[in-house]
Amino acid sequence: MKTRVIQDEPDEPSTHKHPVDPAQRKGPMHLASRMARWSAHHRKKAIFGWLAITIGLFAVSMASPMKEIVFETSGPGESGRADSILYEDFKQPAGESVLIQSDSLTASAPAFQAAVKDVIAGVSKLDAVAKVESPYDTENTGQVSDDNHSVLVPLEIRGDSDDAADKIDPVVDRVAELQKAHSQFTIGSFGESTGKAVEAAFFDDLKKAGLYSVPLTLIILLVAFGALVAAGIPLLLGLTAVLGTLGLVALVSQVLPMAQGVSAIILLIGLAVGVDYTMFYLKREREERAAGRSEEAALEAAAATSGRSVLVSGLTVLVAMSGMYLTGDATFASFGVATMTVVAVAMLGSLTVLPALLSKLGDNVDRVRVPFVHRLRRDDGEGRVWGAIINRVLRRPALSAALAGGLLVALAVPALQLHVAQPSIDTYPQKFLTTYNRVKEAFPGTEVAATIVVKAPNVEAPPVQEAMGQVEWRAIRTGVMNDPIDVDVNAAKTVATINIPVEGDGTDATSNQALTALRDDIVPATVGALPDAEVAVTGATAQQKDFASQMKTSAPLVFGFVLLFAFVLMLVSFRSLVIAAKTIVLNLLSVGAAYGILVLVFQHGWGKGLLGFEFTGGIDPFLPILMFVILFGLSMDYHVFVLSRVREAYDRGMSTDQAVAHGIKSTAGVVTSAAIVMVGVFAIFGSLQAMLFKQFGVGLASAILIDATIIRAILLPASMKLLGDWNWYLPSWLSWL
């Protein structure tokens, strides 16, 4: 086929007959250009208005802190129902357990008993302690280990369990004093204090990520721009977008509570898109100035081109993030609100306050240069290294596409083995688990529990008691559940809990076997057969299984929604069926490769010595969908920016081959710089303690690196070279676009 333009537009002449620079077109301006012109002519209003709004919103977040999700009422499936019953009708007090252990003495030795009595007396005197159980009381079976060298002293924290974390410190301090007084024994506590320490480590990780990400971003931007003022502008926009979003999300959280990690996601996405959008805009403005345009003309050109790219990219990212609402999960919904808000705020800032700043600064944007770095910069926008790579790719497109595509497919193949599993407590920072690990060793098979919740008019009625008694002996008979089985009843006698120790680590096959036995066999034959009774099984194993099942059901909906609407947006934006379809394929390749890397690293243990973890059980069930929407959204930034330059060159009269070479070379530098910022920030998360952060950081960093290199610099130009003018194919029935 020899036709020069494949699009069927009989009533409209080809743009190649009258090539026009999109930045110089006359007539009605699009939204980004109109916003830029208004901002440039009303600089004080735009700049000070933006600062006032974002600072004011941040003040709102400080005055009215973000309301968090009550996880006891937000879970999916059967475990979610059980947790809701417990939260509403069974306010269980918080607990702590003290371990007393001796290598030489047994629990019956007088010295051992004296130490236990001192522990009981010491913690009983504390105002925060409501109740203490002695392991020597006949009704407290199971508090002495089988080898008779360890005992547990359970205690109950007074008051509401939600406030227990504020009361636990005196207990921890008293246990430390008792350890000093009885140095020949090992005395330590775990429970509420362990949860508090792990939660504190979680938030310390978030602070660490925030502390390191800002200076790292600034360093990368200094290298990218070679001047302090130019480097500071993207960082300023990103940070103000984050501050403003925190205020907006704090207001929304009063109606829709947010998940714990929302602030970290806002920082990550805010910095990523804020820096991306500003770099796209600022780089184009500097290129136009280097080409000889006036300051005003350069700004108008940047608004007409990069401004439009920001608008298209931002809308695509918003669509991708909105897919999280289809999960039907409160946590995902809160992440959806947070990510969409920060993207919208960053996009608004780049289209309003950024043009005002550039108009005010003019060429002063290059002030405070970094001497050595600045001399290495090229203002033509075409990097030497990427230019050489792209030239070779375009000379051998078939070979380049085969090698790059083959590599990505090979990386994606392990994703077929992806197994979701909630990280067990063993993946938490071990310095907080010393006593817990000792308890696991001394009392094997008791650290993981399944809880059967029974709600009935009177749980102490003989039929209910008989059914609960049958649960106990049937559970022991399975061989994967153990004594001591504990039964608790609420004050109203309407809810009972049967707590059963389960073999395994809570997420492995053994624990899941126990859960299946309870749900499929034991409960239906006993308490589940009671009339007028509501019965459900919860616990760590049940929660992770129910969440994983919900994600498995909702994932196709989320993926389908994001892919469909991304396809439509790309079709409308670039007026090409081929470009829209290829966008989906390329993005799926990068996401699939990222999933494969996660499996290789976190399931097969590749590189675990380097990353410093021992967990190989599976991927956090929260991660696949979250990673998909975030990666799909962020990769669209690069894709839209690169393709916009290619389409612009094509519309100016270049051949497809020339447009591809020019468009990709002229954007390679800014795409690389923006990607390095994101890879650096995400890599910080990969170095944190929590397994979710490690997986999140490694997955996102590897995906962005793949996207900015293999996808944008090899597969995209190679595929466009091979397709030629077919890249712009638009069927006649879509000519209205």
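Q: In this model, what is the bridge partner of Val-132 in E3?
A: In this predicted model, the bridge partner of Val-132 is Leu-155 of E3.

Q: What makes E2 and strand E3 (residues 150–157) count as paired?
A: Pairing takes at least two bridges between the strands. E2 and E3 are joined by three bridges and run antiparallel, so they meet the criterion.

Q: Which order do the strands take in the sheet that holds E2 and E3?
A: The order is E2-E3-E1-E4, an open sheet of four strands with antiparallel pairing.

Q: Why are strand E2 (129–132) and strand E4 (186–191) called edge strands?
A: Each has a single partner strand, so one side of E2 and one side of E4 have no neighbour in the sheet. On average, neighbouring strands in this sheet are turned by 25° against each other, with direction ignored.

Q: Which helices lie across E4, and at what angles?
A: Helix H6 (residues 192–225) lies across strand E1 (95–101) and E4, at about 70° to E4. Helix H15 (residues 434–442) lies across E1, E3 and E4, and its angle to E4 is about 100°.

Q: What is the strand order in the sheet that contains E5?
A: Four strands form this open sheet in the order E6-E7-E5-E8, with antiparallel pairing.

Q: Why do strand E6 (486–489) and strand E8 (534–539) stand at the edges?
A: E6 and E8 each have a single partner strand, so each keeps one side without a neighbour in the sheet. Direction ignored, the average turn between neighbouring strands of this sheet is 20°.

Q: How do you know that strand E5 (residues 448–455) pairs with E8, and how many bridges join them?
A: Six bridges join E5 to E8, and the two run antiparallel. The cut-off is at least two bridges, so E5 and E8 pair. One of the bridges is between Lys-455 and Glu-534 of E8.

Q: Which helix packs on this sheet and touches E5, strand E7 (495–502) and E8?
A: Helix H3 (residues 77–89) does, and its direction makes about 100° with that of E8. Helix H18 (residues 540–574) lies across E5 and E8, at about 95° to E8.

Q: What describes the packing of helix H8 (residues 262–290) and helix H11 (residues 353–361)?
A: Two packed helices are described by the angle between their axes and the distance between the axes. The axes of H8 and H11 come within 11 Å and cross at roughly 30°. The crossing of H8 past H11 is right-handed.

Q: Which residues make the contact between H8 and H11?
A: H8 contributes Thr-278, Tyr-281, Leu-282 and Glu-285, while H11 contributes Leu-354, Pro-355 and Leu-358. By class, five residues in the contact of H8 with H11 are nonpolar, one is polar and one is charged.

Q: How many cavities of 30 Å³ or more does the structure hold?
A: The structure holds one such cavity. The volume of the largest cavity is about 70 Å³, so the cut-off of 30 Å³ is met.

Q: What makes Trp-386 and Arg-712 lining residues of the largest cavity?
A: A lining residue has an atom within 4 Å of a cavity point. Trp-386 and Arg-712 are among the residues of the lining, as are Val-642 and Ile-664, so they satisfy that cut-off.

Q: Which helix gives the most to the lining of the largest cavity?
A: H22 does, with five residues. Helix H22 (656–686) and helix H23 (691–723) each supply at least two residues. The lining divides into seven nonpolar residues, two polar and one charged.

Technical notes:
Residues numbered from 1 in each chain as written. Predicted model: local features only at pLDDT ≥ 70, side-chain atom pairs only at ≥ 80, totals over all residues. Heavy atoms only, no water. Axes fitted to C-alpha atoms, helices over the stretch in contact; angles between N-to-C directions. Contact = heavy atoms within 4.5 Å. 1 Å grid on protein atoms, 1.4 Å probe; cavity = no way out; pocket = protein on both sides within 12 Å on 5 of 7 lines; lining within 4 Å. Nonpolar A, V, L, I, M, F, W, Y, C, P; charged D, E, K, R; others polar. Left-handed = near helix turned anticlockwise from the far one by under 90°.
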